[in-house]
Structures are given as C-alpha cells and as structure tokens.
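User: Hi, I'm new to this one. Can you walk me through it?
Analyst: Sure, let's have a look together.

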Amino acid sequence: MIKRLLKLAACVAPMLLAVGCASNKPAAYDYTAFKAAKPRSILVLPPLNNSPEVNAGNSVYAQVTYPLAEAGYYVLPVGLVGETFKQNGMTVAQDIHTLPPAKLREIFGADAGLYITISKYGATYTVLDSVVVVSVQAKLVDLKTGTVLWTGAASASSNEGGNNGGGGLIGALVAAAVKQVINSTTDQSHPVAGVASVRLLSAGMNNNGLLYGPRSAQYATQ
C-alpha cells in the first residue's frame with residue numbers, strides 16, 4: 001500500500017510543479033497600442049507621492065530621465081517641465097495628473113506622458129533590522145489620444161544583498177538601531193529610488209518592460 005502511494009506521489013508531483021510554474025509565469029504584455037503610437041518624446045509628470053516622506057517626489061523625479069534616455073527616448077528636462085507648471089499655478093502633483101492629455105501635448109509638444117506613483121519610500125524599522133524600501137508604479141499615455149500604452153511597477157530595497165553578519169541577537173539589535181538612526185538622519189532612500197527607477201523604466205530589463213525608443217540601436221527589435 002505504501003509503495004503504491006509513493007509511486008502515485010512521484011507521478012503527481014511533476015504535474016503539480018508544472019501547474020505551479022505555469023500559474024506563476026506573468027502574462028505577456030500587449031504592446032499593440034505602444035507599437036502603433038511609436039512615441040519618440042516623453043513628458044514625465046511630477047510623481048504622485050503616496051508615501052509619508054515629503055522628499056520622495058523630488059528624489060524619484062530627479063532620477064527618471066537617465067533610464068528613459070538610455071532606452072532611446074527624448075525626455076523633456078524635468079526642471080523645465082516643473083518650472084512651466086509652477087509658472088502656470090500648478091504645483092500639486094495630484095492636480096497635474098488630472099490635466100487632459102491633449103492639453104499637455106499642446107503645451108509641451110511631447111508624444112507621450114509618463115505618470116509615476118510612489119507607493120513606498122523610506123525606512124521601516126523592525127526588531128532586528130531597518131530597511132529602506134522604494135516602490136513605484138508608472139503608466140505611459142499617448143498624449144494625442146489618451147490611450148494607455150504601457151504600465152509597469154518596480155521596487156528596490158537596501159538589504160537585497162543580505163546582512164547576516166552574525167553577532168547574535170544583541171548584535172542584530174544594535175545593528176538595527178544604528179541603521180535606523182542613519183536612515184532617519186540621512187537620505188538613504190535616494191540611491192534606492194535610483195535603483196527602483198532604473199528597474200521600472202529601462203528597456204529590455206524584463207519581458208513586460210518599456211520598449212526601446214527610436215534613439216536606441218535596438219529600436220524595433222523587441
């Protein structure tokens with residue numbers, strides 16, 4: 001009886017593993033609208049900050065141009081964009097995100113607009129550790145039609161490399177307290193935000209990421 005059960009388990013296990021792998025595989029993104037729109041220039045709107053950290057928006061906003069430019073797009077300078085909104089009385093990201101896409105195209109002349117939302121930014125303290133986490137989401141919108149061309153999300157953490165250096169419970173508690181002080185008194189989230197931005201906006205990073213733009217040698221190869 002036991003031998004029969006073991007044989008049955010051996011037969012069923014690979015099937016369950018295959019089903020599990022299939023269910024965990026993300027569905028391929030539909031790039032039909034993206035490829036049809038062929039955006040060349042991108043207007044990045046000031047990020048919508050849903051974290052408690054007031055500096056989160058400026059930190060992420062300052063680091064999004066590089067991965068987009070590397071991906072092959074012309075990105076309107078974020079300083080100029082921010083100042084233009086300010087001169088027109090628009091200083092709140094929530095209000096800016098509600099502007100009609102056609103109006104944004106009229107003002108800036110860009111093909112697409114990138115809307116970024118920050119859901120996590122800053123240090124969280126647990127008993128044995130203090131970890132900086134940044135999580136961002138984005139959508140790329142065709143400013144001519146208002147069609148959403150692409151959506152994505154990415155996160156980065158300060159302890160991705162691991163920090164198990166030994167020292168026992170007391171050592172872990174002391175290390176966590178020291179990290180919390182450092183994270184609270186310095187902007188340790190800024191470089192982590194840079195990693196999250198690169199993961200979110202670099203072309204070719206994953207199967208569902210941004211497509212390469214026309215300034216890239218890999219344009220139209222995906």
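User: How many aromatic pairs does a search of the whole structure find?
Analyst: Three aromatic pairs turn up, and keep in mind that this is a predicted model.

User: OK, take Tyr 29 and Tyr 31. What are the distance and angle there?
Analyst: Their centres are 5.1 Å apart and the planes make an angle of 55°. That makes the pair tilted.

User: Which residues form a cluster with those two?
Analyst: Phe 34 joins Tyr 29 and Tyr 31 in one aromatic cluster.

User: And Tyr 31, buried or exposed?
Analyst: Tyr 31 counts as buried, because its relative accessibility is 12% and the cut-off is under 20%. Tyr 29 has a relative accessible area of 24%, so it is partly exposed.

User: Switching rings: what lies over the face of Tyr 115?
Analyst: That's Lys 139, at 5.4 Å from the ring centre.

User: New topic, pockets. What volume does the largest one have?
Analyst: About 320 Å³.

User: How many residues line the largest pocket, and which lie nearest its centre?
Analyst: There are 16 lining residues, and Pro 46, Pro 47, Asn 58, Thr 91 and Ala 93 lie nearest the centre. Helices H3 (56-61), H5 (78-87) and H6 (93-97) are the elements that each give two or more residues to that lining.

User: Which one gives the largest share?
Analyst: H5 does, with four residues.

User: And how does the lining divide into nonpolar, polar and charged?
Analyst: The lining of the largest pocket has 10 nonpolar residues, five polar and one charged.

Key
Residues are numbered from 1 along each chain as its sequence is written. This is a predicted model: local features need pLDDT of at least 70, side-chain atom pairs count only at pLDDT 80 or more; totals for chains, interfaces and linings use all residues. Side-chain values use heavy atoms; hydrogens and water are left out. On a 1 Å grid over the protein atoms alone, a cavity is a set of points where a 1.4 Å probe fits but cannot get out, and a pocket is an open set with protein on both sides within 12 Å along at least five of seven lines; lining residues have an atom within 4 Å of a point. Grid points are joined across faces, edges and corners, and a volume is the space filled by probe spheres set on the points. Ala, Val, Leu, Ile, Met, Phe, Trp, Tyr, Cys and Pro count as nonpolar, Asp, Glu, Lys and Arg as charged, and the others, Gly among them, as polar. Rings of Phe, Tyr and Trp (its six-membered ring) pair if their centres lie within 6.5 Å; planes under 30 degrees apart count as stacked, over 60 as edge-to-face and the rest as tilted. Buried means under 20% relative accessible area, exposed over 50%, partly exposed in between (1.4 Å probe, protein chains only). A charge sits over a ring if NZ of Lys or CZ of Arg is within 6 Å of the ring centre and within 35 degrees of the ring normal.
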